[in-house]
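Open the model in a viewer and keep the selection panel at hand. The stops below say what to select next and what is there.

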Amino acid sequence: MSSAQISAAGRDLVKPKSTEKQVYRPEIQGLRALAVLMVVVYHVWLGRVSGGVDIFLLISAFLLTGSFARKVESDTPLHLLKYWLHLFKRLLPGVVVVLLAILVGTALLLPRTQWEGIFTQTWASLFYLQNWELAASSVDYYAADHSTASPLQHFWSLSIQGQVFILWPLLFAGSAVVARFLKTRYRTVLTVVFSVLFAVSLAFSIWETATNQTFAYFDTRTRLWEFALGSLLALTLPYLNANTITRVVLGWAGLIGMLSCGIVLQVEAEFPGYIALWPLLSAACIMVAGQSGSRFGADRLLTFKPLVRMGDNSYALYLWHWPILVFWLVYSEQSGAGFLDGTVLIAVSILLSVVTTRIVESPVRSWSWASTRRHRMGIVVAVSMALVAAPLSGWQYQVNAEERAVAAQTIDDNPGANALSPDFEFVGNPDAAVKPLISNMGGEWADYDGECYGTWEPTNPILKSCDYMGNPDTATRTIVALGDSHTQQWMSAMGPVARANNWLVILIHKPGCRYAAPIPDNDEDCNEFNVASQAYTMERMPDAVFTVATRTEHSSPDEKVVLGYEQGVQGFLDAGIRVVAIRDNPRFDFPMPECLETKGLDSAECNLPRSQVLAAESPLVALKASMPEVGTMDMSDKFCADGICPGAIGNVYVYMDLDHLTQTYLETMLDDFGARFGKAVGWKSVPEIPVP
């Protein structure tokens with residue numbers, strides 16, 4: 001995603017002050033407008049990113065550096081606090097309007113499963129930390145909004161720029177002190193500082209993009225070199241003198257390179273490593289070319305008055321276009337916009353950007369009362385943030401109050417799997433809410449007692465996730481659970497059973513990586529992980545290994561034993577380690593909680609026939625026949641009854657998303673799970689396990 005935040009942050013810096021040698025450069029304003037149009041068009045019609053955000057980062061640093069360098073060289077006090085207050089006084093009003101609109105759109109259009117994520121991201125966006133929030137959730141397989149784009153996702157670049165707008169002035173001030181101490185030119189010190197920052201950040205960006213691209217994309221540290229390049233351009237540009245022909249060639253070469261970047265490259269999958277040099281150097285060529293003085297120069301296009309005027313609204317256009325697109329796709333139940341509705345979306349976004357700029361941004365920016373005193377600017381900043389914080393806090397309090405009320409309900413109100421008993425009779429409150437609240441589905445994973453330590457702590461770095469349930473010091477038996485998130489979900493039942501029996505459960509898992517022997521068609525990282533997890537288990541010789549042995553498909557009866565499973569567990573059996581293989585649960589090709597919320601608990605569209613999501617005969621039957629030493633568990637009767645696999649049973653949601661079981665539901669089947677596990681592993685389990 002990308003940003004046009006510097007439209008507001010740098011607009012005044014482009015225009016000359018009365019005592020400063022500055023020249024208004026309309027081609028930069030046109031470059032900014034063209035970049036934001038690229039961002040919008042690529043998002044709406046191509047479903048890709050354009051590299052435009054990198055151009056904005058370059059321009060923002062270019063303008064910022066030129067302004068501060070002139071201030072220091074003319075002995076003008078920097079007044080950093082005043083600068084920051086003045087900056088955010090101009091930036092926040094537009095942000096506030098859009099954030100409030102997003103909250104309204106969330107309440108009207110988005111399912112409750114996304115609310116918690118929207119709350120968190122709104123706070124992060126308001127305080128310019130959204131990029132770090134997305135960096136964490138981008139590698140979080142279990143993020144509540146994993147399957148749907150967030151209307152706040154584009155705030156990541158605004159957050160990075162906000163952070164740099166705080167950091168860069170500190171570098172300018174510190175460099176001024178160093179220059180005076182060393183008695184050298186200020187621009188020389190700045191050039192050294194930004195050259196070092198450019199080299200270090202670029203090297204780090206290349207490394208992290210290669211090793212963890214999803215995190216690197218949002219990481220501030222991987223983007224600092226782009227700002228540094230803009231600063232170096234501002235420092236060296238006065239010394240670059242190009243003739244007319246060179247300027248014409250540079251201008252068009254830069255413009256063609258800028259427009260073609262997102263088409264030629266899969267930007268989202270490759271940025272922000274060295275590939276980001278493509279759009280940055282393209283924009284740098286345009287800025288070096290400047291006003292060519294030729295009617296054949298690219299600046300003739302970039303100084304086109306409508307384009308320049310659009311540059312004045314580019315900040316607001318960037319703010320509006322993404323949530324407008326996301327909400328439309330949710331409302332229309334589409335995966336992408338077509339030509340006609342995409343054109344309307346762009347037109348609406350432009351209209352809203354013009355209105356926001358004229359009615360909100362411009363009046364606040366030109367408000368003389370708020371610009372003459374620091375405390376007045378501080379008041380505007382505080383009020384702006386409060387306008388979002390107040391309704392957001394109130395909404396969160398209301399949701400939390402609902403969660404507390406639901407938490408107070410008893411097992412009688414929400415019997416869950418107990419309702420499947422032939423002699424079951426409901427004695428709870430008929431008006432009791434279904435548990436858990438859809439807005440809290442992200443908290444439905446198992447609770448662990450801690451991360452593995454001592455002899456149970458993995459030494460192989462590929463085994464990043466190791467958690468335990470039970471007491472490692474007093475446990476009478478040890479179970480190692482291996483696999484992916486479908487193994488992990490069962491820890492909501494395994495944990496309480498283990499604690500009641502004084503067993504220790506060690507969970508070694510990798511999202512999306514079902515345990516099995518390495519197979520050629522499998523993901524290389526998954527194969528390496530399974531080899532490492534097998535070695536880990538063999539070294540520690542637990543009493544038993546717990547795995548998910550079959551794999552179901554989304555809304556399909558094509559269920560099979562995991563490829564390579566038999567070979568993967570044979571070593572455990574040969575070593576005398578008991579193996580328990582559990583059958584996979586149904587999967588759906590739609591988010592179950594959202595389906596139930598919008599179409600009703602009894603909707604046939606949500607509650608699918610068993611024959612549509614599970615094999616007629618469990619694949620574990622054949623597995624048991626070929627490997628009788630393996631203990632098998634089939635809990636499918638606890639998900640499906642009377643030929644139907646419903647999304648809610650006994651006033652409890654069974655699934656937290658498309659295919660993962662809720663902790664709340666699993667905790668209603670502890671006795672059955674404990675008894676069946678004990679039988680499968682050959683141990684006696686403790687009966688009457690209390691629900692946590």
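Select Pro436, in the loop between helix 19 (374-407) and strand 1. The model is a predicted one. A cis peptide bond joins Lys435 to Pro436, with omega at about -15°.

**The sheet**

Move on to strand 1 (450-451), an edge strand that pairs on one side only. The sheet is open and has 7 strands, in the order 1-2-4-3-5-8-10, with mixed pairing. Strand 10 (631-633) is the other edge strand.

Now show strand 3 and strand 4 together. They pair in the parallel sense over 7 bridges. To see one of these positions, pick Thr478, whose bridge partner in strand 4 is Leu504. Strands of a sheet pair through backbone hydrogen bonds, either parallel or antiparallel.

**Asp484 and its partners**

Step past the end of strand 3 (477-483) to Asp484, in the loop that leads to helix 20 (485-488). Is Asp484 buried or exposed? Asp484 counts as buried because its relative accessibility is 3%, and the cut-off for buried is under 20%. Its side chain reaches the backbone nitrogen of His486 at 3.0 Å.

Which residues does Asp484 contact, beyond its neighbours within four places in sequence? Select His509, Lys510, Pro511, Gly512, Cys513 and Arg514. With Arg514, Asp484 forms a salt bridge, in which the closest N and O atoms are 2.9 Å apart. Arg514 sits in the loop between strand 4 (503-509) and helix 22 (524-540) and Asp484 in the loop between strand 3 and helix 20, so the pair ties together parts that are 30 residues apart in sequence. Arg514 is buried, at 2% relative accessibility.

Extend the selection to Asp584, Arg587 and Asp659: a network of salt bridges links them with Asp484 and Arg514.

**Two further salt bridges**

The salt bridges in the model come to 19. Select Arg583 and Glu559 for another of them: their side chains meet at 2.8 Å, N to O. Arg583 lies in the loop between strand 8 (578-582) and helix 24 (592-599) and Glu559 in strand 7 (residues 556-561), so this pair ties together parts that are 24 residues apart in sequence. Arg583 is buried at 2% relative accessibility, and Glu559 is buried with a relative accessible area of 7%.

For a pair with mixed exposure, go to Arg221 and Asp219. Their salt bridge has its closest N and O atoms 2.7 Å apart. Arg221 is partly exposed, at 40% relative accessibility, whereas Asp219 is buried, at 0%.

**Helix 24**

Select helix 24 and colour Met592, Pro593, Glu594, Cys595 and Leu596, which are buried. What do the buried residues of helix 24 pack against? Show strand 12 (648-649) and strand 13 (652-653): the packing is against these two strands. Just after the helix, Gly600 takes a positive phi of about 100°.

**Positive phi outside glycine**

Two loops between helices come next. In the loop between helix 7 (155-182) and helix 8 (186-211), select Lys183. Lys183 is not a glycine, yet its phi is positive, at about 55°. With 78% relative accessibility, Lys183 counts as exposed.

Then select Glu333, in the loop between helix 16 (314-332) and helix 17. Its phi is near 55°, again a positive value in a residue other than glycine. Glu333 is exposed, with a relative accessible area of 73%.

**The nonpolar patch**

From Glu333, continue into helix 17 (339-365), one of the elements that give two or more residues to a nonpolar patch; helix 2 (26-46) is the other. Show the surface and select Trp45, Leu46, Phe339, Leu340, Val344 and Val348, which form this patch. How much accessible area do these residues have together? The figure is about 610 Å².

Which element supplies the largest share of the patch? Helix 17 does, with 4 residues. An α-helix has 3.6 residues a turn, so residues three or four places apart point the same way. End the tour at Val348, in helix 17. Val348 is partly exposed, with a relative accessible area of 34%.

Technical notes
Residues numbered from 1 in each chain as written. Predicted model: local features only at pLDDT ≥ 70, side-chain atom pairs only at ≥ 80, totals over all residues. Heavy atoms only, no water. Buried < 20%, exposed > 50% of the residue type's maximum accessible area, 1.4 Å probe, protein only. Polar contact = N/O pair within 3.5 Å; in protein donor to acceptor, adjacent residues only side chain to side chain. Contact = heavy atoms within 4.5 Å. Patch = residues over 30% accessible without salt bridge, like charges linked within 9 Å, V, L, I, M, F, W, Y side chains within 5 Å. Areas by Shrake-Rupley, 256 points an atom, 1.4 Å probe, with all protein chains shown as cover. Salt bridge = Lys/Arg side-chain N within 4 Å of Asp/Glu carboxyl O. Pairing = 2+ DSSP bridges.
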